[in-house]
Amino acid sequence: MRKPKTRAALLAGLLLAASALAGVNPPTASAAADPVTVTVNTRAGLATVPDTALGVNHAIWDTNLGTAETSDLLRDAGVQMMRYPGGSYADIYHWKDHTAPGGYVAPGTDFDTFMAAVRRVGAQPMIIANYGTGTPAEAADWVRYANVTKGYDARYWTVGNENYGNGHYGSAWEADDHPDKSATQYARLVVEYADAMKAVDPSIKVGAVLTMPGNWPDGITAGSDPGPWNQTVLSIAGPKIDFVDVHWYPGGTAAESLARVNHLPDATYLLRQQLARYAGPNAGRIGISFTELNVDAGRNTQPAALFLADVYSGLLENGVFTAHWWNVHNGMGTVTQVAGQTDYGDFGMLSSGACTEDGSVCQPPLNTPFAPYHGLSMMKLFAKTGDQFVRAGTDEPLVTAHAVRRSNGELAVLLVNKDPDNDHPVTIDYAGFTPSAVAPTVSTLTNGATGIATSQSGSATSRTLPAYSLTTLVLRPAGATAGRPAAPGQPTASGVTDRAATITWPASTPGASPIAKYEVYRQNGAVSEQLGETTSTSFTVGNLLPGSRYTVNVLARDTAGRVSWASPPLTFATGSPSASTCTVRFSANNDWGNGYIGGVEIINNGSRPIDGWTLTWTWPTGWQQVSSGWSATWEQVGTAVRVTPITDNRQIAAGGTVSAGFVGAYGGPNVLPTAFTLNGTICSTG
């Protein structure tokens, strides 16, 4: 659970007092002994980079919100979307008179000034309508002013900020004047807001606030709500919204924050599962935005730069349409030393030029870029609108990799060395792409650097990554890419069972030669496994594993042997057998945010009793576990769970049932298992 955030309420004169630590000499990096193997697989296509990808937050308490210098810096960093009026302030802000009762509003930060800055940057706005102290009519008037009166064409509007922080779950930092502070009431009013706002401009997109899976208050049901926040909001407001808005502050040390980026694939998967389950028909149209991201340790030094590039890439490759850093300017926090650099505890990516109250420590001059600004600039060099992310991976947790394929045939690879102490040599293998012998364009951001260094040097297949660094390689293809067929369209799955699924896709447009066949690949980490090929636009995949998640791509190959880009990815999950000699009912109740009371009920569907049994399953992630259990003997090794009986329930009569319970714990998105084996037999699930 993240504590109530004071960052938005502390501006201008409310800077935190801090004392500087004694200077620490930067550590001397040494080279790790064994090279890291990086695999880049262009057959494993992921999401395409949208024109809203790179975002930042602006705030009405920032006196530099509308300055040309600030806007030009954001433009130079590649900002494509800007959020206003600023976090929790959105729920006390009244746009008509530019006031925020109980908070500070800086001069020169009104909506028109913000929109002038948006236009100077060349970005799109993301506007937060006041839910906490506002009304649907006020929000509708804002839409009218923005898009009818002024012609700003503001497309994206979120209803509220972090409205689950209104006290409904205990912690209260978000303003909410409604007597009923439940998730149910928020959802009902989202419907009213959406109706009122779209009555003015039907073309706008309206978003609702959700919480990050695996983070407080995810999983918790409060009051009379029918379920946790996300379930309740989507069940009521799902048919009326166009996107959901999520924030993520992973917390912990710098190393812990950087490691938790690996939660993102499961978090976005769970969000899409929730959308599909609760948001009504055509839920696939609902997008996902992450509009606040930052770390607790190293906010304006290298950990934040590494986190920004890694988390933006991880979100975008999983289909999130925009990722936003909190914040452009924010102000001084607690001063520390991080990896040899002074960290001012500042959530901003640009210096506010502030000092501690006693004047003992001052930030660099106003608008001096901090490390996360350079991380954002690296994203501009790496992932451009229209590029397609492709799967990349490594065999070293401290080194992560991302890659995009460009329409001109180039491949860009982003390498993140999260090790503060060691350089890491890497070797890079490519699947589906042959790099030119020409030296790649190399951009590097090292710890403490005041900017990105770019050169054309080295090899496409090996290099050494400096400690705590970002490196982007842009590679040319070895051969011509003209004439290849277009990528097949978005695949869909039907007839999904425990063992099979039928994959169907829109046909590819031929290039210089006719289409000869389509090849279907499964993503297995950064390696592709070919599942089959066909001359049609449909293929039935067999021999799948029950209770497993699959991501597949389709590629077109023409009669000359040219291969298309990978299709957009399709992710689906197999279930359990429709009939079996056993059934397992798995339950997860009384969730408190990082744990729950779990249970398994085993039903013998056979005609003979079972004398002695062993139930097994595998957790989908490495951060789930059985903490304790009862009515059985519980064991867990790695992600594998083994449950065996006690004397009282060793035998299960024909048609009979036994039950056992456990305390489940999780440290990230809690993806529940769906496949269970009893004495070697895959059971159905009830």
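1. Helix axes here are lines fitted to C-alpha atoms over the stretch in contact, and the angle between two of them is taken between their N-to-C directions. In this predicted model, the axes of helix α8 (residues 302-317) and helix α9 (residues 371-382) come within 7 Å of each other. They cross at roughly 35 degrees, and the crossing of α8 past α9 is right-handed.

2. The contact between these two helices can be listed residue by residue. From α8, the participants are Q302, A304, A305, L308, A309, Y312, S313 and L316. From α9, they are A371, P372, G375, L376, M379 and F382. Sorted by class, the contact of α8 with α9 has 11 nonpolar residues and three polar ones, with no charged residues.

3. Helix α8 also appears in the surroundings of helix α7 (residues 264-278), since what covers the buried residues of α7 includes α8. The cover of these buried residues further includes α5 (229-237) and the strands β8 (243-248), β9 (287-293), β26 and β27. The buried residues of α7 are L264, D266, A267, T268, Y269, L270, L271, Q274 and L275; the charged residue D266 is therefore among those counted as buried, that is, under 20% relative accessible area.

4. Does the length of α7 agree or disagree with its residue count? The expected span is 1.5 Å times one less than the number of residues, so the 15 residues of α7 should span 21 Å. The C-alpha atoms at the two ends of α7 are 21 Å apart, which agrees. After the helix comes G280, whose phi is positive, near 90 degrees.

5. A search of the whole structure finds two disulfides. Counting the bonded cysteines along the protein chain, the pairing pattern is 1-2, 3-4.

6. One disulfide joins C355 to C362, with an S to S distance of 1.9 Å. This link is right-handed, with 105 degrees about the S-S bond. Are its cysteines buried or exposed, or in between? C355 has a relative accessibility of 29% and so counts as partly exposed. C362 is likewise partly exposed, because its relative accessible area is 38%, and the partly exposed class lies between 20% and 50%.

7. The other disulfide is formed by C582 and C683, whose sulfur atoms are 2.0 Å apart. The torsion about this S-S bond is about -95 degrees, so the disulfide is left-handed. The pair links distant parts of the chain, 101 residues apart. C582 belongs to strand β28 (residues 582-589), whereas C683 sits in the loop between β38 (681-682) and β39 (684-685). Both cysteines are buried: C582 counts as such because its relative accessibility is 1%, and C683 because its relative accessibility is 0%.

8. Two cis peptide bonds deserve attention when the backbone is inspected. The bond from Y84 to P85 is cis, with omega near 10 degrees, and P85 is found in the loop between β4 (81-84) and α2 (111-121). A cis peptide bond also joins W216 and P217, with omega about 0 degrees. P217 is located in the loop between β7 (205-209) and α5.

9. Positive phi values occur in residues other than glycine as well. In N367, phi is near 70 degrees; N367 is found in the loop between β12 (341-343) and α9. In N590, phi is near 55 degrees, and N590 is placed in the loop between β28 and β29 (595-604). Which of the classes buried and exposed applies to each asparagine? N367 is buried, because its relative accessible area is 3%, whereas N590 is exposed, because its relative accessible area is 60%.

10. P568 lies in the loop between β26 (549-558) and β27 (570-573). With 29% relative accessibility, P568 counts as partly exposed. Leaving aside residues up to four places away in sequence, P568 touches Q388, P488, G489, Q490, P491, V552 and N553. P466 is 102 residues from P568 along the chain, and the C-alpha atoms of the two prolines are separated by 33 Å.

Technical notes:
Residues numbered from 1 in each chain as written. Predicted model: local features only at pLDDT ≥ 70, side-chain atom pairs only at ≥ 80, totals over all residues. Heavy atoms only, no water. Axes fitted to C-alpha atoms, helices over the stretch in contact; angles between N-to-C directions. Helix = DSSP H or I, 4+ residues; strand = E, 2+ residues; numbered from the N terminus. Left-handed = near helix turned anticlockwise from the far one by under 90°. Contact = heavy atoms within 4.5 Å. Buried < 20%, exposed > 50% of the residue type's maximum accessible area, 1.4 Å probe, protein only. Disulfide = S-S within 2.5 Å.
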